[in-house]
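Visitor: Please take one part of this structure and examine it closely. I am new to it, so a connected account of how that part relates to the rest would be welcome.

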Amino acid sequence: MKQERGLLWRILKLGLSSRARLQGILRFGFLRAVGIAYHRRFGHGLSALPSNLSIMPTLRCNLSCVMCTQSVSRKDRANRPRWYDPKRELPIEKWVSFLDELSTSRPPLYVTGGEPVLYPHFRELVHESKKRRLHVHLATNGTLLASEAEFLVEEGVEGVTISLDGPPEVHNQIRGVEGAFNRAAEGAKALVEARRRRGTHGPMLSFLCTISKSNYQYLQETLEHAIMLNGDFMQVSHVAFFSPELVDKHNAMFTKESIKTMGLEMDLPSIRDGLYENEMAPEDVRNLVPLMDRVKRSAKGRIMLTFEPRLPNDLIAPYYLDVYYPFVERCDALWGSLNVGPDGRVSPCLNFVLGNITQHTIRELWNGAMMQRLRALLSDGLLPGCRRCSRRSYLKSSRCFR
């Protein structure tokens, strides 16, 4: 409990360290707790500006993770998204213009990728974001973090999340590069040391572990490594996955002709080949549930631990083993989140395209006709491609009797 109290105190002091940071946190909390539900019900397809925004300045990466769609895209030219070419990445001037738009609403800005540190103007992007008093959170594989740690602390970045798939040998196998674990660990240590030298409360250090058949049995060891590396948080994510049947069914709904009829725009196919399929067997799920309970008990008082989506134990088996289990058909993502790709293309999910930040403002895209049609579509029920998305709701519906 002492560890948790100390962490909560650091979070509070970090939030109070600037007026803009506190305003951003309060706005994010209000929209998540009240605003999104209000706009869903009374907004008539409109919504307040996003409560969080993810930008991918690059898809370049120095790893070859077995579960990553971008690894597939890099190797298979036929499956590459049309905007993959690094030469089409936005210049820093375009990103700065975009950041100017955000300086009034200040949504939390999640900088991800690819490996965002590989963006040629990464430092300038972070500096310009903090110059506009945006809340910045970096998602990274950690292998290049050691050389950036001092800079991130100096700029006042609020959070850094490092992917951690297991103990060294497991992590390296999943990441596809020998030594990936040690380099990520060095990055985490450098960040903590830079934070200590400067006497700052941030960035908060998080570790993200995604459950798979290859690593779930190592959850306890993964937790211990996160603690040894002085992590503030650890998030364990149930993997988002598809099945060939669902992919076929979903893609059959969205063809060049059908999306034109619906008044939508999409980068086809909506779900590309090579995406992760669930490999968890019934025996794996039976082993996973008690292991999760043990890990939760072990983390108490040592590190803040969450599992996402937050499934009760009796819904873990349906999540992994029954893609047609009747969870509540609800997703709030279209009322709260938005993603911007390397070429400026704006997409909420599933390769739907709203437009480009080089041609439209975020306000025009967020509540434009295209987004309103998408919200109406998802209000009528989720799509086959939404079945195991990490951003939807996984509550029991009134039709769940088992």
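Guide: The buried residues of helix H9 pack against helix H7 (168-175), helix H8 (180-198), strand S5 (204-210), strand S6 (233-237), helix H12 (282-299) and strand S7 (304-308). Helices (H or I, at least four residues) and strands (E, at least two) are DSSP runs, numbered from the N terminus. The model is a predicted one, in which local features need pLDDT of at least 70 and side-chain atom pairs count only at pLDDT 80 or more, while totals for chains, interfaces and linings use all residues. Residues are numbered from 1 along each chain as its sequence is written, and side-chain values use heavy atoms, with hydrogens and water left out.

H9 spans residues 219-228, and its buried residues are Leu219, Thr222, Leu223, His225, Ala226 and Ile227. Here, buried means under 20% relative accessible area, exposed means over 50%, and partly exposed lies in between (1.4 Å probe, protein chains only). After the helix comes asparagine 230, whose phi is positive, near 65 degrees.

H12, one of the neighbours of H9, has 18 residues and reaches 26 Å from its first C-alpha to its last, close to the 26 Å expected at 1.5 Å a residue; the expected span is 1.5 Å times one less than the number of residues. In H12 the buried residues are Asp284, Val285, Leu288, Val289, Leu291, Met292, Val295, Ser298 and Ala299. These pack against H9, S7 and helix H13 (316-321). Just after H12, glycine 301 has a positive phi of about 80 degrees.

Leu219 of H9 and Leu288 of H12 also belong to a wider group. The largest nonpolar core has 100 residues, and those touching the most other members are Trp95, Phe98, Leu152, Leu219, Leu288 and Tyr320. Such a core is a set of buried Ala, Val, Leu, Ile, Met, Phe, Trp, Tyr and Cys residues joined through side-chain atoms within 4.5 Å. In soluble globular proteins, nonpolar side chains tend to be buried together. With residues up to four places away in sequence left out, tyrosine 320 touches Ile211, His238, Val239, Phe241, Asn278, Met280, Val285 and Leu288; contact means heavy atoms within 4.5 Å.

H8, another neighbour of H9, lies across strand S4 (159-163) and S5, running at about 160 degrees to S5. Axes are lines fitted to C-alpha atoms, for helices over the stretch in contact, and angles run from 0 to 180 degrees between N-to-C directions. Within H8, glutamate 193 and arginine 196 are three residues apart, about one turn of the helix. They form a salt bridge whose closest N and O atoms are 2.5 Å apart; the term denotes a side-chain nitrogen of Lys or Arg within 4 Å of a carboxyl oxygen of Asp or Glu. Glutamate 193, at 29% relative accessibility, counts as partly exposed, whereas arginine 196 is exposed at 56%. Both residues take part in a network of salt bridges that links Glu150, Glu154, Glu193, Arg196, Arg197 and Arg198.

A further salt bridge involves S7, the strand that includes residue 308: the side chains of glutamate 308 and arginine 310 meet at 2.8 Å, N to O. Arginine 310 is exposed at 64% relative accessibility, and glutamate 308 is partly exposed at 25%. Under the stated rule, the count of salt bridges comes to 18.

The strands beside H9 belong to an open sheet. Its 10 strands follow the order S7-S6-S5-S4-S3-S2-S1-S8-S9-S10, with mixed pairing. The edge strands, each pairing on one side only, are S7 and strand S10 (355-356); two strands pair if DSSP finds at least two bridges between them. Elsewhere in the sheet, S1 and strand S8 (residues 337-340) pair in the parallel sense over four bridges, with leucine 338 in S8 as the bridge partner of leucine 53. S8 pairs with strand S9 (residues 345-347) in the antiparallel sense over two bridges. These two strands form a hairpin with four residues between them, and glycine 344 in the turn has a positive phi of about 95 degrees.

The chain surrounding H9 has 15 helices and 10 strands. Buried residues make up 54% of its 402 residues. Among contacts between residues at least 6 apart in sequence, 76% join residues at least 24 apart.
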